[in-house]
Amino acid sequence: MYYSLLSNIETPKDLRKLTEAELPQLAKELRQFIIDIVSVKEGHLGASLGVVELTIALHYIFNTPIDELVWDVGHQAYGHKILTGRRDQFHTNRQLGGISGFPKRSESQYDTFGVGHSSTSISAALGMAIASQLNGAYNKKHIAVIGDASIASGMAFEGLNHAGVTNANLLIILNDNAIGIDPSVGALKEYLTEVKTNKRLARHNIIKALNFEYTGPIDGHDFGALIKELKRLKKSNGPQFLHVVTTKGKGLRQAEENQVKYHAPGKFDKYTGELVPSEGDPKPPKYQDVFGYTLVELASQNEKIIGITPAMPTGSSLKYMMEAFPNRAFDVGIAEQHAVTFAAGMATQGMVPFCNIYSTFLQRGYDQVIHDVVLQRLPVIFCLDRAGLVGEDGATHHGVFDLAYLRCIPDIIIFAPRNEMELRNIMYTAQKGLALPIAIRYPRGRGITLDWKRPFEEIPIGKGEQLRFGKEFAVLSVGTIANNVSEAIEKSGFTNHFSHYDMRFVKPIDHALLSQIFRTYQTVITVEDGVVTGGFGSAVVEFAAGQGFKGKLVMMGVPDRFIDQGSVSQLQEISGISVAAIVAELKKCISDQ
Ligand SMILES: Cc1ncc(C[n+]2csc(CCOP(=O)(O)OP(=O)(O)O)c2C)c(N)n1
Ligand SMILES: CC(=O)[C@@H](O)[C@H](O)COP(=O)(O)O
Ligand SMILES: [Mg+2]
């Protein structure tokens, strides 16, 4: 496609030179540009297609970057990036060394706030707005664009509650497409549906009740309606709320019809919209599916089992239990804090809650883990998907902190399966009844074997395993990074020199096995796909110090800095936990001997 208008836009100043009549043509080009690139480079699609008109209208009417625009989550900000100086870099989106898939302050002055996790936009924009007033910048507008799923989160309510008693120059735009990644849930979603279909409700508008000037709902694909309303809102002050209705995936038939799949569809044909089929032999299952299918299997045997996900039924594969046992599986919306405490409540009643949360998103429910679950020794089973380096989502999404942030809590069991069978077996073990809560962390992506659905076996709590015997050195790992270690030992050329232990449990760590290791070896290497600071290796080092170990300890793990986006193998290389990096360390042990 020839981008007659888009190719002339370097910044929103160029956009503002267009006539209103030219905006629909620009929208067409911007949509096509996003499709052209995302179809081959992958990324989030539906959300950005849905806000093309809104993005153009906001930069057209408001004086960005002086007026500050905050995108919630940020997965819908591709159009914003392309219109704000990053059109020619957009083909590097989410790749190593390229631009981030989310707004990022260090990337552009138009990215006013770094995002990736949801529901922060109202608080951030309110902070900016009140600070602007304190700084005497009374005419600056602060705009938060938030989706219907993200506004249902506790943080968003906290921001609304505060904003409603201020005179901040804050405009909140609710981009209501009635879907998150999966269909939106909850009473607020039902309320918004009624507002859209039954205007009588407007008299009892909850947003007005919170002291906002409310307008809408308006059609977010209609430039006439958008421009008129934004011009009006630009002139008024105080907390304002504009309810905009859009269609996720707008402009690509398949993306409109299958909004869940086209949230982030992978590669697709830019002309037909059809997904590019994955080729090759049958593949081992994704860990999320091992979790999802195993939970259904266990739930059919144990009626106390409950499944909980905060807004990720597809990503976590809890959807299988939601289909099989709709009364015992809950999507609670983007509400990690609630999900954790809801699970705690269930546990007090003798239920067996499996609370599945992406490792990175559990960070939001940290106090709930400590105060509501662990302090009360409630046997909640946390399944932390997307642990370790997740790849192209980058720094906001890597699940690398969990071992460190959980390990410092007393009375919690922490386990990382080495493969699919271990994930199944620890789920089986946990639902039989543990005296303490347990966190089971496993990575994004696929396992290692097609033959994963084997009979259940109980896993002894707190016991590690020796996988390989070698005479000189001990390598200790937890979780699936064991596969890198095994491969590295094979490739090192010194297989007889290295013992390999899968410690399995970071807490309680196997003291008997560690004692034996430190009595036997003078060099011990730990490997983990989490931060070295405070993680598994730290636990081993603390133990060694307690034993007065005088030999050499090497800790391999994610270094003490944020890791940006790239493929998992690229990021493992950067972090020093790739097969090649481990081989190099093993060879060094040999040469230092
Ligand atoms: C705290 C947190 N939990 C979960 C997610 C995963 N997530 C990313 S986008 C999304 C749905 C957002 O839906 P909505 O706000 O309606 O925006 P839309 O995609 O419809 O534009 C979810 C659940 C996240 N980014 N942050
Ligand atoms: C924006 C966001 O937070 C999600 O869309 C996330 O990118 C999903 O990650 P997975 O692709 O690993 O499910
Ligand atoms: Mg939505």
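Trainee: What makes strands 1, 2, 3, 5 and 4 an open sheet?

Mentor: Look at the two ends of the order 1-2-3-5-4 in this predicted model. Strand 1 (68-71) and strand 4 (213-219) each have a single partner strand, so one side of each is left without a neighbour in the sheet. From one strand to the next, the twist averages 20°.

Trainee: How do you know that strand 4 and strand 5 are paired?

Mentor: Count the bridges. Two strands pair if there are at least two bridges between them. Strand 4 and strand 5 (residues 240-245) are joined by five, so they pass, and they run parallel. For one bridge you can look up, take Glu-213, whose partner in strand 5 is Gln-240.

Trainee: What makes helix 6 a helix that packs on this sheet?

Mentor: Its contacts do. Helix 6 (residues 121-134) touches strand 1, strand 2 (142-147) and strand 3 (170-176). A contact needs C-beta atoms within 7 Å. The direction of helix 6 makes about 175° with that of strand 2, on a scale that runs from 0 to 180 degrees.

Trainee: Why are strand 12 and strand 17 called edge strands?

Mentor: That's the other sheet, five strands in the order 12-14-13-16-17, open again but with mixed pairing. Strand 12 (465-468) and strand 17 (552-558) each pair on one side only. Neighbouring strands here are turned by 25° against each other on average, direction ignored.

Trainee: How do you know that strand 13 and strand 16 count as a pair?

Mentor: The cut-off is at least two bridges. Strand 13 (residues 473-477) and strand 16 (residues 523-531) have five, so they count, in the parallel sense. Ser-477 stands opposite Val-527 in strand 16. Helix 22 (residues 536-547) packs on this sheet, touching strand 13, strand 16 and strand 17, and its direction makes about 145° with that of strand 16.

Trainee: Why do we say that ligand 2 lies between two domains?

Mentor: Start with the split of the chain: domain 1 (23-263), domain 2 (287-441) and domain 3 (465-592). Domain 1 and domain 2 both give residues to the shell around ligand 2, so that ligand lies between them. The residues around ligand 2 include His-44, His-75, Arg-386 and Asp-393.

Trainee: What makes up that shell by class?

Mentor: There are four nonpolar, three polar and three charged residues around ligand 2. Gly counts as polar, which is worth knowing when you reach Gly-315.

Trainee: Which domains give residues to the shell around ligand 1?

Mentor: Domain 1 and domain 2, with at least three residues from each. There are 21 residues around ligand 1, and Ser-118, Gly-147, Ala-149, Ser-150 and Gly-180 come nearest. By class, that shell has eight nonpolar, nine polar and four charged residues.

Trainee: How far apart are the centres of domain 1 and domain 3?

Mentor: They're separated by 44 Å, taken over C-alpha atoms. There is still a contact, with five residues from domain 1 and four residues from domain 3.

Trainee: How do you know how confident the predictor is in the chain?

Mentor: Check pLDDT, which goes from 0 to 100. The chain's mean is 97, and 99% of its residues reach 70 or more. Confidence is lowest in helix 8 (residues 187-197), at a mean of 90, and highest in strand 9 (residues 381-385), at 99. For the complex, the predictor gives an ipTM of 0.99 and a pTM of 0.97.

Key: Residues numbered from 1 in each chain as written. Chains lettered and ligands numbered in written order. Predicted model: local features only at pLDDT ≥ 70, side-chain atom pairs only at ≥ 80, totals over all residues. Near = placed C-beta within 6 Å. Domains from an automatic or database assignment. Helix = DSSP H or I, 4+ residues; strand = E, 2+ residues; numbered from the N terminus. Contact = placed C-beta atoms within 7 Å.
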